[in-house]
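Q: Could you give me a close look at one part of this structure, the place where aromatic side chains come together? Please walk me through it as one connected story, and tell me how far I can trust it.

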Amino acid sequence: MKQIVIPAALLGLAAMPQAGWAKPGDLSVEGELSYGLDVVPPDVVDNSPDQDRIKSLFTGEVGLAYDAGPAILRASAGAHIYPSEADYNRYPLTVGAQIDWPLAARGRTRLRFQPSYEYVLGDDGRVFDRARMDVQLIHRHNPAHTSTVRLRYGYRNQSEQRFQGYDQSEWLGELRHLWRPGGGQTRIMGSLLGLHANAQANRFSYNGYGTMLIARTPLREGLEVYGRLYLVHRNYKAAFSNAYPFKREDTQLRLTGGVEQALTSRINLFGEAGYASNDSNVPTRDYSGFVGRIGIRFH
């Protein structure tokens, strides 16, 4: 099945990593409402070569974060509604935590632990659940430069009612650097990615590598523009199917840009557009097309 790696899902699409500490006792709420066109979930099964894997989509997300002192506790819930295909609808529920462990004075170097658990429902019951542990070694060289080494492990437990063999261990390794020119508000982040999945069925197991680039800068007070490039190649370990008896190879590209305008101190309006493709030697997993959405974010 098609794999999609989009950090922090919809709420974090244009977000940039921050190095600050929250204040103990703080409770924050953030969320998003949007409508647009995007790639359907990876567990959607459609074996027709002329399938359309980019559909219209309504999304709603709301999350809570509480600073408990040694840890920041998070919980979120969402709904991803596909008007043309109710079978694609998803309702994710996620709980997690963030724990920072200082390794140097003034927090310049620290370990970050982020355990999480996600449970995703569809209109007909559970789609999958997934436990993850994310560990990051973060070093802030100076106000302009921050480097991160990241390793994430997850286990996805797929509903067998949809199809079998997709339960899998998932590994992500990342080398990341964040640059703030002059220590200002412009942020440019580049990453090198390594991926590995070991599924029950080898046709879903793969090794992958790629890169990600995110940039965000203010144009004036309350108005920011951003862009994101994601490019990953995957080599699968076994023949895809009887109809396509060869090992699958994919190159996924996603290039988007957007603008975000503050309406109030807590509500932002945004719009973004771009191009998504999966260049695959398996016709039923090959697609390309326009993606985009408009919506509001609140925090």
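A: **The aromatic cluster around Y244**

In this predicted model, Y244 has a relative accessibility of 18%, so Y244 counts as buried, the cut-off being under 20%. The ring of Y244 pairs with that of F246: their centres are 6.3 Å apart and their planes meet at 70°, which means an edge-to-face pair, since that label needs an angle over 60 degrees. F246 itself is partly exposed, because its relative accessible area is 32% and the partly exposed class runs between 20% and 50%.

Now for the other partner. Counting across the model gives seven aromatic pairs. One of them joins F240 to Y244, with 6.4 Å from centre to centre and 50° between the planes, a tilted arrangement. F240 is buried, with a relative accessible area of 4%. Y244 thus takes part in a pair with F240 and in a pair with F246, and F240, Y244 and F246 make up one aromatic cluster.

A charged group also belongs in this picture. The charged end of R203 sits over the ring of F240, at 5.6 Å from the ring centre. If you would like another example of such an arrangement, look at R234, whose charged end lies over the ring of Y206, 5.2 Å from its centre.

For a view of a buried charged residue, turn to E174 in strand 8, which covers residues 168–179. E174 has a relative accessible area of 4%, so E174 is buried. Its side chain makes polar contacts with two side chains, that of R150 at 2.8 Å and that of S191 at 2.5 Å. Leaving aside residues up to four places away in sequence, E174 touches T148, V149, R150, S191, L192, L193 and M212. R150 and S191 therefore appear among the residues that E174 touches as well as among its polar partners, with E174 itself buried.

How far can you trust all this? The average pLDDT of the chain is 90, and 90% of the residues score at least 70. Residues 1–22 fall below 50, although this stretch has 78 contacts in the model beyond near neighbours in sequence. Where pLDDT is low, predicted coordinates should not be read in detail. Please keep that in mind when you look at the contacts of residues 1–22.

Methods:
Residues numbered from 1 in each chain as written. Predicted model: local features only at pLDDT ≥ 70, side-chain atom pairs only at ≥ 80, totals over all residues. Heavy atoms only, no water. Helix = DSSP H or I, 4+ residues; strand = E, 2+ residues; numbered from the N terminus. Buried < 20%, exposed > 50% of the residue type's maximum accessible area, 1.4 Å probe, protein only. Polar contact = N/O pair within 3.5 Å; in protein donor to acceptor, adjacent residues only side chain to side chain. Contact = heavy atoms within 4.5 Å. Phe/Tyr/Trp six-rings, centres within 6.5 Å; stacked < 30°, edge-to-face > 60°. Lys NZ or Arg CZ within 6 Å of the ring centre and 35° of its normal. pLDDT = per-residue confidence, 0-100.
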